[in-house]
Amino acid sequence: MLDAAPKSTEHLRTPDWYRTATRWTQLTLAEDDPIRFDPAFWVDVFKRTQSNATCISAGGYVAYYPSKVPLHYVSKFIGETDPFGSLVDGARELNMHVMARVDPHAIHQDAADAHPEWVMVDRDGNRVRHWAFPDVWVTCAYSDYNFKFMPEVLREITANYDIDAIFANRWQGHGVCYCDACRTDFRAASGHELPLTNSLDDPAWLAWGAWRRSKLSRLVVEWDEAMKAIKPHTSFIPNMGSVSLMEFDLPIIEKYCPFLCVDDQGRQGTEPVWMSGRNGKRMRATFRDRPAILITSIGPEEAYRWKDAVTLGPEIQAWIDSGTTQGLLPWFTKFNGVVPDTRWVEPVADSFALHARLEPELASTTPVAEVAILDPTTTLRHYDHTSRREAEAHDLGFYQALIEARLPFEMLSDAAMTPDRMDQYKVLILANSTCLSEEQAEAIKAYVSRGGSLVVAHETGTRTPTNEPRKDPLLADLLGYTVNRPVRGPVKNTYVALNGDHPITRGFDGAARIMGGTRLIGVDAAPDADQPFLYVPDFPDLPMEEVYPRQEPQGAAVVAREHASGGRTVYIPWNIGAIFYEVLAGDHARLIANSVHWALGKRPDVELEGKGVVDLSVREGEGTTLVLVNNLTNPMMMKGPIREVFPIGPLTLSVAVPPGRKLLRAYRAGNGEELEFTLAEGRVRVSIGQLSSLDAIQFVWR
């Protein structure tokens with residue numbers, strides 16, 4: 001087991017170099033760094049963090065090497081030095097993998113004067129100055145700047161430096177560009193004028209998404225080919241995060257992205273700390289076996305852009321450790337090579353050291369789960385970055401509820417619903433997969449016919465893949481309902497009433513009704529379906545004297561159905577995921593958990609007893625099960641930064657013994673400490689005395 005993780009030297013300068021690039025240091029240089037920063041400090045950071053790969057600023061907006069490409073702006077502080085080359089040499093002396101970073105999103109005045117067609121244009125016909133630094137100009141990502149100029153930069157870096165790849169930041173553009181070239185190209189390709197809104201009802205907006213996807217896919221291919229023509233083992237690595245998986249055609253990603261980078265560097269606003277781990281699941285939702293890397297900033301990620309500040313150590317570690325829990329490889333990034341505040345170094349080194357200790361076990365196991373949330377890429381690809389998070393709220397609510405319920409789960413993309421992928425899970429959750437194709441619906445029906453179970457909510461299946469409304473939801477027959485009233489809302493002061501004794505209604509002792517949703521669909525349940533909850537007909541929320549129900553509960557608010565195959569389905573015709581994520585009502589969390597438990601129809605294979613909020617991840621390998629237990633219990637869990645760690649415990653971990661197996665040993669993977677265990681009723685139980693942050697319990701079977 002200790003030899004399971006390959007050493008970085010095994011794949012140096014080969015096409016498989018990325019397979020041993022498992023801990024990354026990124027340095028994004030400021031223009032004056034050539035005369036101010038200390039390269040030796042950074043080489044020491046490589047060592048302290050046990051990094052075996054690095055990403056270093058090279059060119060694009062500013063070149064940190066003596067570039068000869070015309071109009072490629074070279075740092076005015078560079079003098080006779082070569083900061084990029086010095087760092088590359090230092091990393092290579094440590095047998096590290098090296099990736100150059102370029103950023104093509106802005107250009108200086110001389111380039112804009114020489115090539116005005118390289119500059120982005122707004123809808124009013126004005127060339128776009130940089131929003132944060134108006135002395136420079138924002139580039140059009142679909143122009144010759146990216147298709148002719150940047151390939152020359154990539155060729156120069158690849159030819160002159162000992163690198164394995166080039167990584168591009170902000171290469172995808174900043175929304176719709178209204179330059180003459182974009183107008184002409186888009187009109188010829190689609191027959192539409194460029195969209196003026198991001199409305200999902202605008203066919204031009206939907207067509208622009210497809211056109212942009214085609215242009216950027218071609219860019220990936222051409223940049224990669226430019227590099228490989230010089231050094232065949234090198235690759236262009238686009239910053240292809242979880243959002244990009246929705247925006248790009250999967251064959252392009254499959255061929256040109258040997259690993260995937262999650263550029264979600266920290267928490268903003270009220271994001272929960274599990275958000276980084278979710279990105280790991282989302283990557284696996286489409287590409288189960290492809291390495292995925294979490295980029296973590298050592299500074300805060302709020303809208304106010306304190307890019308040269310330092311986040312407190314516990315917050316940095318919580319973000320990195322959440323990614324490690326869910327299988328993401330750690331990568332930290334520092335903006336500015338000068339380090340006036342070194343408080344980040346030790347926390348990063350500690351979390352990287354934890355990953356290094358766990359790497360053999362992580363490398364020899366793969367994630368497993370009985371439950372999966374369907375990632376609705378067919379739906380979300382229609383939204384832009386400003387509106388997508390609202391659309392994702394349904395999934396985020398289910399995610400939070402499953403963590404609170406301590407149900408280990410994965411994600412599965414609706415673009416990867418093959419029978420073998422689907423059958424890895426006993427329950428699939430469709431939180432609000434609005435857009436579904438006939439083929440996707442048939443795959444889901446076939447899954448239930450094979451004994452799979454579903455938990456489905458809200459407007460799932462009500463629209464086509466191109467966002468056109470359907471007369472009848474695709475899965476209504478399967479789930480056992482018909483629509484009698486279309487979606488309405490937002491509605492205030494709504495309730496759903498418990499209806500008889502059903503596993504889905506348990507745990508609400510003392511309550512005859514609980515809070516409902518804000519967007520409601522009226523449905524009739526099929527005769528063979530149960531209705532554990534009924535709608536309470538609307539009544540006023542003011543004046544206070546009028547706040548009372550006028551009618552008895554009526555109309556299914558939850559539809560539960562058992563199928564001949566042994567599968568079970570639950571349909572909740574209101575926005576339970578989104579409203580739970582917004583309000584965090586405990587009754588909604590219980591309703592979600594009860595629905596999933598009933599759909600599962602059995603005791604979960606992995607359970608954790610004790611108090612606290614804990615994220616679980618289960619991995620299996622040959623003769624082994626690895627359970628990662630990550631303590632999220634913190635008053636700042638939903639609003640960073642975390643300032644200190646709050647240990648929890650004691651906890652008891654219970655794992656079902658695989659059929660035909662016997663337990664040989666149980667131990668902590670991080671330090672090899674043997675754990676006492678008990679066996680009863682086909683399960684093994686071990687005690688975790690106190691949990692500070694992330695622990696990993698290994699079970700070895702024979």
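This tour moves through a helix pair, two cis peptide bonds and two arginines.

The model is predicted, so local features need pLDDT of at least 70 and side-chain atom pairs count only at pLDDT 80 or more, while totals for chains, interfaces and linings use all residues. Residues are numbered from 1 along each chain as its sequence is written, and side-chain values use heavy atoms, with hydrogens and water left out.

**Helix H19**

Begin by selecting residues 586-600, which form helix H19. Helices (H or I, at least four residues) and strands (E, at least two) are DSSP runs, numbered from the N terminus. The expected span of a helix is 1.5 Å times one less than its number of residues; for the 15 residues of H19 this gives 21 Å, in agreement with its end C-alpha atoms, which are 21 Å apart.

Next, colour the helix by burial, where buried means under 20% relative accessible area, exposed over 50% and partly exposed in between (1.4 Å probe, protein chains only). Eleven of the 15 residues of H19 are buried, so the rest of the structure largely encloses this helix. Among them are His588, Leu591, Asn594 and Trp598. Then select glycine 601, which follows H19 and has a positive phi, near 75°.

**Helix H18 against H19**

Add residues 576-583, helix H18. Axes are lines fitted to C-alpha atoms, for helices over the stretch in contact, and angles run from 0 to 180 degrees between N-to-C directions. The axes of H18 and H19 come within 9 Å and cross at roughly 140°. The two helices are therefore oblique to each other (under 35 degrees counts as roughly parallel, over 145 as roughly antiparallel, 65 to 115 as roughly perpendicular and the rest as oblique). To see the contact (heavy atoms within 4.5 Å), show Ile576, Ile579 and Phe580 of H18 with His588, Ala589, Leu591 and Ile592 of H19.

**Two cis peptide bonds**

Move to glycine 489 and proline 490, which are joined by a cis peptide bond with omega about 10°. Proline 490 sits in the loop between strand E16 (481-488) and strand E17 (495-498). Then select leucine 542 and proline 543, where the peptide bond is also cis, with omega near -15°. Proline 543 belongs to the loop between strand E20 (530-536) and strand E21 (556-562).

**Two arginines with positive phi**

Select arginine 305, a non-glycine residue with a positive phi of about 60°, in the loop between strand E9 (292-297) and helix H11 (313-325). Finish at arginine 406, whose phi is positive at about 55° although it is not a glycine. Arginine 406 lies in the loop between helix H14 (388-404) and strand E13 (409-413), and is buried, with a relative accessible area of 11%.
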